[in-house]
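Here are a few short exercises to work through with the structure open beside you. Try each task before reading its solution.

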Amino acid sequence: MQAYQIRNEVYWVGAIDWSLRTFHGYATERGSTYNAYLIIDEKITLIDNVKEHLGDEMMARIASIIDPSKIEVIISNHGEPDHSGSLLALLKKAPHAKVYASTPNGIRILNAIYGEFPIVPVKNGDELNIGKRTLKFIHAPMVHWPDSMVTYDALDRILFSNDAFGQHFATSKRWDSEVDLATALFEAKKYYANIVIPYSAQANRLLTGVKTLGAEIIAPSHGIIWKDHLTEIVGLYDYLTTSQKQEKAVVVYDTMWESTFKMAVALTEAFKDAGIPVTLYDVKTTEISDIMTDLADAKYLAVGSSTISNGMLSPIAGFLNYLREMAPTQLRYIAFGSYGWGGQSIQMIDEQLESMGYERLVPKIRINFVPRPNDLLQIRESVLEALKK
Ligand SMILES: [Fe+2]
Ligand SMILES: [Fe+2]
């Protein structure tokens with residue numbers, strides 16, 4: 001286990017989680033990394049750490065450069081256990097190290113998770129001299145926890161951005177120039193759409209601050225490090241944090257006996273015929289986090305479920321719950337579905353989407369048992385008509 005040099009005296013000493021496939025319901029098909037960074041200065045400094053079960057990997061990478069007991073400064077940009085899980089193990093190896101975290105939330109969260117121990121409070125804008133370098137701390141509350149902050153090393157021009165600009169992307173490569181750029185940007189978008197999106201206003205404020213720093217490297221706490229493609233990642237965050245929308249539609253459904261499926265196909269065809277790119281997702285066979293990535297910059301959403309007993313099919317209920325958590329903005333929606341009797345699912349979907357603040361594109365579409373060709377034609381016509389307005 002070796003450290004990976006990213007600047008003269010700055011090393012990546014993180015851990016690669018090749019087998020991670022879910023992160024709180026977010027499907028991480030490419031695994032992830034937890035990035036920790038070691039700075040060799042008068043005060044040896046470690047920025048963030050890794051999940052508890054990968055602590056030995058981090059420790060071995062640190063030991064390839066320096067005896068871990070020599071660490072004097074441990075910066076905790078964010079207390080979530082994927083970046084703080086090895087903190088107690090580290091303090092055992094480096095008992096004289098001081099831990100720095102944002103005040104009040106970073107301290108409160110670390111003490112709540114790991115018990116009481118001394119933590120140096122860091123206010124927004126505080127600086128810490130570690131020798132040749134002065135580290136500057138910038139609070140980034142709710143990007144994506146209340147304690148989140150980023151650390152800037154002006155000498156090396158590195159922004160240690162923690163979760164911002166991250167991607168769940170396990171790879172043996174560390175630099176953006178060493179991997180397929182489209183894949184890295186897709187994973188950055190997926191990360192944003194499934195973690196950061198509810199806090200887009202806060203992320204936009206952070207981005208505005210980041211632009212004034214003159215960073216040459218953005219070193220997040222997950223995935224590859226940005227250097228040669230700063231323009232692209234900052235451009236992506238510019239785009240996502242301002243909630244820009246494409247003429248694009250997403251149709252999500254679950255079906256019992258294919259009637260709701262036929263309606264979903266009719267809606268998909270209607271968007272296509274209106275010249276709007278559209279993707280149809282069977283919620284049972286698609287990860288919700290992939291649907292959310294598509295939805296982050298879409299203008300239109302259609303959600304359909306057959307009625308089962310007096311409600312909707314549970315995969316659609318799960319999708320709506322996830323949608324409410326992520327809360328992408330400015331969607332125009334369609335609720336649809338088939339039913340035998342009752343038909344409550346369509347009403348429930350319609351009410352839920354309305355309560356999320358979305359605008360109804362057409363009145364809810366209900367079909368009793370089986371849609372006839374004429375019903376499907378009518379669905380298409382009503383959508384095409386609404387899209388003209
Ligand atoms: Fe986090
Ligand atoms: Fe994280």
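**Exercise 1.** Work out how the donor residues of the iron ion (ligand 1) are spaced in sequence.

*Solution.* This is a predicted model, so begin with the ligand atoms themselves.
- Step 1: the iron ion (ligand 1) is coordinated by His78 (NE2), Glu80 (OE), His144 (NE2) and Asp163 (OD), at 2.1 to 2.2 Å.
- Step 2: put in chain order, these donor residues give the pattern H-x1-E-x63-H-x18-D.
- Step 3: a link across the chain appears here, since Glu80 sits in the loop between β9 (71–76) and α2 (81–84), whereas Asp163 sits in the loop between β15 (158–162) and α5 (181–196), 83 residues apart.

**Exercise 2.** Find the donors of the iron ion (ligand 2) and their spacing along the chain.

*Solution.*
- Step 1: Asp82 (OD), His83 (NE2), Asp163 (OD) and His222 (NE2) are the protein donors, lying 2.1 to 2.3 Å from the iron ion (ligand 2).
- Step 2: along the chain they follow D-H-x79-D-x58-H.
- Step 3: Asp163 bridges the iron ion (ligand 2) and the iron ion (ligand 1), and the two ions lie 3.5 Å apart.

**Exercise 3.** Classify the geometry at the iron ion (ligand 2) from the angles among its donor atoms.

*Solution.*
- Step 1: the 4 donor atoms subtend angles of 86 to 173 degrees.
- Step 2: four donors count as tetrahedral only if all angles lie between 85 and 135 degrees.
- Step 3: the arrangement is irregular because of that range of 86 to 173 degrees.
- Step 4: the site of the iron ion (ligand 1) is irregular too, with angles of 91 to 171 degrees among its 4 donor atoms.

**Exercise 4.** Decide whether Glu80, Asp82, His83 and Asp163 are buried or exposed.

*Solution.*
- Step 1: the cut-off for buried is under 20% relative accessible area.
- Step 2: Glu80 has 6% relative accessibility, so it counts as buried.
- Step 3: Asp82, at 3%, is therefore buried, and His83 is buried with 1%.
- Step 4: Asp163, the bridging residue, is buried with a relative accessible area of 2%.
- Step 5: for the chain as a whole, buried residues make up 58% of the 389 residues.

**Exercise 5.** Describe how helix α8 (residues 259–273) packs with helix α12 (residues 373–388).

*Solution.*
- Step 1: the two helices pack at an angle of about 40 degrees, with their axes 9 Å apart.
- Step 2: the crossing of α8 and α12 is right-handed.
- Step 3: residues of α8, including Met263, Leu267 and Phe271, meet residues of α12, among them Leu376, Val383 and Leu387.
- Step 4: sorted by type, the residues of this contact divide into 10 nonpolar, no polar and 3 charged.

**Exercise 6.** Which residues does Phe319 touch, beyond those up to four places away in sequence?

*Solution.*
- Step 1: place Phe319 in helix α10 (residues 314–326).
- Step 2: its relative accessibility is 0%, so Phe319 counts as buried.
- Step 3: the residues Phe319 touches are Val252, Val283, Ile288, Ile291, Met292, Leu295, Leu301 and Val303.
- Step 4: for contrast, take Ala386: Phe319 and Ala386 are 67 residues apart in sequence and 25 Å apart in space, C-alpha to C-alpha.

How values were computed: Residues are numbered from 1 along each chain as its sequence is written. Chains are lettered from A and ligands numbered from 1 in the order in which they are written. This is a predicted model: local features need pLDDT of at least 70, side-chain atom pairs count only at pLDDT 80 or more; totals for chains, interfaces and linings use all residues. Side-chain values use heavy atoms; hydrogens and water are left out. Donors are N, O and S atoms within 2.8 Å of the metal (3.2 Å for Na, K and Ca); water is not among the atoms, so sites may look incomplete. Four donors count as tetrahedral if all angles lie between 85 and 135 degrees; four count as square planar and six as octahedral if opposite donors are over 155 degrees apart and all others between 65 and 115; anything else is irregular. Helices (H or I, at least four residues) and strands (E, at least two) are DSSP runs, numbered from the N terminus. Buried means under 20% relative accessible area, exposed over 50%, partly exposed in between (1.4 Å probe, protein chains only). Axes are lines fitted to C-alpha atoms, for helices over the stretch in contact, and angles run from 0 to 180 degrees between N-to-C directions. A crossing is left-handed if the near helix is turned anticlockwise from the far one by less than a right angle, and right-handed if clockwise. Contact means heavy atoms within 4.5 Å. Ala, Val, Leu, Ile, Met, Phe, Trp, Tyr, Cys and Pro count as nonpolar, Asp, Glu, Lys and Arg as charged, and the others, Gly among them, as polar.
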